[in-house]
Amino acid sequence: MSGVEHGDVFDLLPSLEADFGHAAVVDFPWQFNADNGSGRFESTGSDREFEVYQTEENDRLADVLDALSRVLVDGAWVFVFADDDTVPEFRECVEESPFTYRRTCVWDREKFGMGYYHRVQHYPILTATNGETDRYIQGRGTVYRALKHDGEASDSDYPTGKPVKLYRQMLAEPVLDDGERLLEPFCGHGPGAAVAAERGIDYWGADTNPEAVEQARQHLEQTRLTEGLVTATDGGESPSTTSGGADR
Ligand SMILES: C[S@@+](CC[C@H](N)C(=O)[O-])C[C@H]1O[C@@H](n2cnc3c(N)ncnc32)[C@H](O)[C@@H]1O
């Protein structure tokens, strides 16, 4: 069973049954630090507002991790996005959660542009497991390389949207095996939904933004459109000059 719910993760996540999911990606809607970078964000001439969607207090990540530990199977991996500002607090949060902190990986966006957030080339990704795990990924390395806009039909300019190619790498077996289910609270445009669709695995996502829900649902439904154009481990990368919303 797969679906994208339009609603509040803090209400929806605790209502899921135990052992419902086998891996989760948490791209938490932390508040942008507009002051950081001395206003360089504005220098991009971007016409986007900084508050592009509902944001949450950082310490609420603890509630998300608490709920996830109950709805994920034992040994499941969870990936938590962070940035330079949030990583100390989020790491503490992961370490104090029921999960076992593993390591901090890096998303290398491969290119960077103008403005404070656009200028950042890499983002930390905290990884943890639901207790001990036999899904070993040690040989995989700690850097995920993925262009912010990799030119694929399934990508979008959703603010802070992550490339599908990044999620393919994070979620490759044995993190998620056939017949299992990915959980993507705060799914945004649903890069996880796109990966689930490509691989024919189950998916649960949720977001309060109707536009995000619509895009994630489209990713889930487009299953077969991209088949044959991409591989499971890489993205058939096609660099694009498209510009989009802030990465944070
Ligand atoms: C960092 S963005 C996720 C971006 C996503 N990874 C992508 O690639 O598009 C965070 C998302 O959380 C959503 N959000 C904020 N508060 C929420 C809540 N309480 N429940 C559900 N979604 C929420 C926002 O609408 C936003 O889409």
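## A tour from the core to the ligand

Begin with the largest nonpolar core, which has 60 residues. Select Val-26, Leu-68, Val-78, Val-80 and Ala-193, the residues with the most contacts inside this core. Strand β3 gives the core its largest share, seven residues. Keep in mind that this is a predicted model.

**Whole chain.** Zoom out and colour by secondary structure. The protein has seven helices and eight strands. Of its 248 residues, 44% count as buried. Now think about contacts with a sequence separation of 6 or more: 77% of them link residues 24 or more positions apart.

**Val-26.** Return to the core and centre on Val-26. Which residues does Val-26 contact, leaving aside its neighbours within four places in sequence? Show Val-64, then Val-78, Phe-79, Val-80 and Phe-81, and finally Pro-185 and Phe-186. Two of these names, Val-78 and Val-80, are already selected from the list of core residues with the most contacts.

**Strands β3, β5 and β4.** Next, select β3, residues 72-81. Five bridges join β3 to β5, and the two strands run antiparallel. Find Val-78 again: Ala-128 in β5 stands opposite. Now select β5 itself, residues 122-129. This strand is mostly covered, with six of its eight residues buried. Add β4, residues 100-108. Eight bridges join β4 to β5, again in an antiparallel arrangement. To see one of the pairs, show Val-106 with its bridge partner in β5, Pro-124.

**Helix α6.** Move to residues 191-199, helix α6. How many of its nine residues are buried? The count is nine of nine. The run goes from Pro-191, Gly-192 and Ala-193 through Ala-194, Val-195, Ala-196 and Ala-197 to Glu-198 and Arg-199. Ala-193 is also one of the core residues with the most contacts.

What covers these buried residues? Display the strands β1 (3-6), β2 (21-26), β7 (181-185) and β8, then the helices α5 (164-170) and α7 (210-221); the cover includes them. Step past the end of α6 to Gly-200, whose phi is positive, near 70°.

**The ligand.** Finish at the ligand, which 21 residues surround. Select the closest: Asp-27, Tyr-53, Phe-186, Gly-188 and Asn-209. Phe-186 is also among the contacts of Val-26. Two elements, α1 (9-12) and β8 (202-207), give two or more residues to the shell. β8 has appeared before, in the cover of α6. Colour the shell by class to end: nine residues are nonpolar, seven polar and five charged.

Note on methods
Residues are numbered from 1 along each chain as its sequence is written. This is a predicted model: local features need pLDDT of at least 70, side-chain atom pairs count only at pLDDT 80 or more; totals for chains, interfaces and linings use all residues. A residue is near a molecule or strand if its C-beta atom, placed from the backbone, lies within 6 Å of it. Helices (H or I, at least four residues) and strands (E, at least two) are DSSP runs, numbered from the N terminus. Ala, Val, Leu, Ile, Met, Phe, Trp, Tyr, Cys and Pro count as nonpolar, Asp, Glu, Lys and Arg as charged, and the others, Gly among them, as polar. A residue is buried if 20 or more other C-beta atoms lie within 10 Å of its own, exposed if 12 or fewer, and partly exposed in between; C-beta atoms are placed from the backbone. Two residues are in contact if their C-beta atoms, placed from the backbone, lie within 7 Å. Two strands pair if DSSP finds at least two bridges between them. A nonpolar core is a set of buried Ala, Val, Leu, Ile, Met, Phe, Trp, Tyr and Cys residues joined through C-beta atoms within 7 Å.
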